[in-house]
Amino acid sequence: MYGRKVKLRFFFVVLILTTLILSVFLILKSLEENVVYFQSPTEIKELTDIGKKKIRVGGMVKNNSVSINSKEISFVITDFKNEINVIYSGVVPNLFSEGKGVVAEGYLNDRNFFTASKILAKHDENYMPPEVKAALEEK
Amino acid sequence: MLSSTIGYYSLILGLCSSIIIFYFSIINYQDKILDTKILSFTFLQLFFVIISFLSLVLSFINSDFSNETVFNNSHTTKPLFYKISGTWGNHEGSLLLWQLVLTLFIFIFLLKSDNQSKQYRILTLLFQEIIIIGFFIFIIKTSNPFNYIYPIPKQGLGLNPILQDPALAIHPPILYVGYVGSSIIFSSVLAATILNIISREWASHIKKWVLVSWIFLSLGILFGSIWAYYELGWGGFWFWDPVENVSLMPWLALTALLHCIIVLEKKIVLTSWVVILSITTFTLSMCGTFLVRSGILNSVHSFANDPERGLYILIFLFSLIFLSIFIYFFFHKQNIKNNNNFFWLSKETSILINNWFMMYFLSVVLIGTIYPIFLEVISSQKISVGPPFYHKLIIPFLFPFLLAMAIGPNLKWVKSNMENKVNLILFFVLSIFVSGFVLKNLDQKFLINTVLLSSAFYLFFITIRDLFTKNFKNFSQNVAHFGFSLLILSILLNNFFSSEIIINLKVGESFENNKTKIIFNDIVQNKQKNYVSIIGNFTVENFDGKIDNLKPELRIYNQPNIITSEADIKTSFLSDKFMVMNSVQNQEYFNIRYQVKPFMIWIWISVVLICFGGLISFFKKKNEK
């Protein structure tokens, strides 16, 4: 016969293990749901399925493409191979400007139009999103 | 020129004295009394680092551009205050500051620990010297702040303007005191494990250090958060940005550790927890430095991308972790008789539950921060993890966590019974009614919000009751828990009742919806010392007849050429009115964000209260002795 203490300890070990497994499972599950993938305009052109998930698009803001009215800002993101039109209503970071790197987060309408819900603010005049840098280097 | 030379050589002399301390400590280990030479050399070590640090400060004040660090980060037109704070606004200088705090702390430790056993003091010193020597070599080899440039440039490159801010000038030193404090805890725990002296006396001795680093870490995070609120114009207090997460993780571990130490002061349980949490806190602090400084997390804080630095810290960190794990497994002895008197309804159990929650929150934050880096390394796929991930995983668990926090302190040590708990239930019913009343007009996600708000109110009421009924017996804990409940309440109410308008306006235009009217009156341009300021003049009319004048500002800095926006915030006890303005591509339209954020100031106040709780606890013990 096992003593009470051994049983109690066994119970604790099982409890801790199940909690651990459960929380790891929970974390991974919600990670899978909430991860935002980064794509370049070229990658978007090559997509077979547009999907309904939130994504990030990165590249350079094309010259002379920014236009603004009282509700929205629209511009073109380019990786010098392909382009995508972005419509955005929200806060524009200080460093957002033509010819500079940009990362927009939001949803694809189709392969050419993207509705952004956020434009990322990175505060460094020489900053280029690492994703953009990589995309440019590939070129 | 001269000050750079002095600074560099005192760094080397500092390294020499550290090695001498290390050597003397090993020799002195078997003796009965502490060799006074050790104390003198620890002072000397501190002295050299202070000299080195002061000479860097002096180089910054004199704008000595023959020094590479000064050249990269300063400019003659910068105000004096930011010239000084620029000293630690960069990689090299901030490491020197880190070293300064390290050497200062070990000196204070030696002075203050003379009632402890000599072997313990020597061992702690030894471990601490390993860390100090590691950082000396790191600074001298990979990030020497005193490099020369020739020919001497006429002008520096300037400090990033968003770092030119009072809150950010004091944020790094305060955060570093918190981080470095954890290194003392780390060394001390390793020493205590080897000597097997983890006892109640040791707990009350180390509690001071835990409290100090905990208070400073909390304040450091607070300053960073306030700065992000008004300077970055993101309009909030926490963004789950990797850099923020990196400072939150050691805080979670340290908070859990603090609670364990409190238990340990009363009875010898949870010793493994203490050891593991101390190691975790220190590792996470080092990881924080590594992730932020190495440029792996691309953000405001990464000053340079230098793989050599990253590699060095990584190797250093791993050897420390291996050393500590080795010590833990070979020296740590469980006290066998302890586990018997554990009863499920007791203060210990509730603190244990607290630990498990903290560990859970910690792992959520850790995975969310590390996973993108990890994935990019193995599959070169680029992802980011946003706030929804954290919210989804943390919010549901806040409910039991808050309840445990309310009930836990009302339990007795060892064993408590269910009597006299009726009013606890009464308070719970009361909080459900209050939160139901508050949320009455809100249609979104009513259930989860009610549950959350109820538990927050519950903690709030219980802590208020305890403040008055317990005759200040456990005042520090009450204040800290009360602060925490206030924090959660303000965050929740802030989330529920915030409103936001984002529009693009030309000068002279206005915007109107059913609640607010925003009128863009005009803009004024001014030339300041190192920037041109453009101030927008807005009138905001609320439907209740209240009229505010808000003046957000754009600053165009000349060196380096950066535009920053300074939000204008009207703070009152009930809510903040926040407005930030941006120019878009020099077009006529300005991008305007107007937010009403209720209870914003209470978020800051509650964190100060939490720290104040820690402060009371720090001084209370002193008076009793």
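Two strands are said to pair if DSSP finds at least two bridges between them. By that standard, strand β9 of chain B is paired with strand β10 of chain B, residues 575-583, since four bridges join the two, and they run antiparallel. Within this pair, Asp568(B) has Met579(B) as its bridge partner in β10(B). The model discussed here is a predicted one, and the report moves from this sheet to the rest of chain B, then to chain A, and lastly to the contact between the chains.

**The sheet in chain B**

The pair just described belongs to an open sheet of four strands in chain B, whose order is β2-β11-β10-β9 and whose pairing is antiparallel. The edge strands are β2 and β9 (568-571) of chain B, each of which pairs on one side only. If direction is ignored, neighbouring strands of this sheet are turned by 10 degrees against each other on average.

**The domains of chain B**

Chain B is divided into domain 1, covering residues 1-164, and domain 2, covering residues 499-601. The C-alpha centres of these two domains of chain B lie 43 Å apart, and the contact takes nine residues from domain 1 of chain B and nine residues from domain 2 of chain B. On the side of domain 1 of chain B that touches domain 2 of chain B, there are four nonpolar residues, four polar residues and one charged residue.

**Chain A**

Chain A contains three helices and seven strands, and, read along the sequence, these follow the pattern α-β-α-β-β-β-β-β-β-α. Of the 139 residues in chain A, 32% count as buried. Among the contacts in chain A with a separation of 6 or more, 57% are accounted for by residues 24 or more positions apart.

Strand β5 of chain A, residues 83-88, is a useful place to look more closely. In a regular strand the side chains alternate between the two faces of the sheet. In β5(A), the covered face holds Ile84(A), Val86(A) and Tyr88(A), while the uncovered face holds Glu83(A), Asn85(A) and Ile87(A). β4(A) and β5(A) form a hairpin with four residues between them, and in the turn Phe80(A) has a positive phi of about 70 degrees. The table sets out two pairings of β5(A), with the residues of the partner strand and one pair of opposite residues for each.

| Strands | Partner strand of β5(A) | Bridges | Sense | Opposite residues |
|---|---|---|---|---|
| β4(A) and β5(A) | β4(A), residues 73-78 | six bridges | antiparallel | Ile73(A) and Tyr88(A) |
| β5(A) and β7(A) | β7(A), residues 113-119 | four bridges | parallel | Val86(A) and Phe114(A) |

**Where the two chains meet**

Between the chains, 36 residues of chain B are in contact with 30 residues of chain A. Several elements of chain B each supply at least two residues of the side that touches chain A, among them α12 (347-379), β1 (383-385), α13 (387-407) and β11 (590-598) of chain B. The largest share of this side of chain B, five residues, comes from α12(B). By class, the residues on the side of chain B that touches chain A divide into 20 nonpolar, 13 polar and three charged.

Strand pairing also links the chains, for strand β1 of chain A, residues 35-39, and β1(B) pair in the antiparallel sense over three bridges. In this pairing, Tyr37(A) has Ile383(B) in β1(B) as its bridge partner.

Definitions and conventions: Residues are numbered from 1 along each chain as its sequence is written. Chains are lettered from A and ligands numbered from 1 in the order in which they are written. This is a predicted model: local features need pLDDT of at least 70, side-chain atom pairs count only at pLDDT 80 or more; totals for chains, interfaces and linings use all residues. Two residues are in contact if their C-beta atoms, placed from the backbone, lie within 7 Å. Ala, Val, Leu, Ile, Met, Phe, Trp, Tyr, Cys and Pro count as nonpolar, Asp, Glu, Lys and Arg as charged, and the others, Gly among them, as polar. Domain bounds come from an automatic or database domain assignment. A residue is buried if 20 or more other C-beta atoms lie within 10 Å of its own, exposed if 12 or fewer, and partly exposed in between; C-beta atoms are placed from the backbone. Axes are lines fitted to C-alpha atoms, for helices over the stretch in contact, and angles run from 0 to 180 degrees between N-to-C directions.
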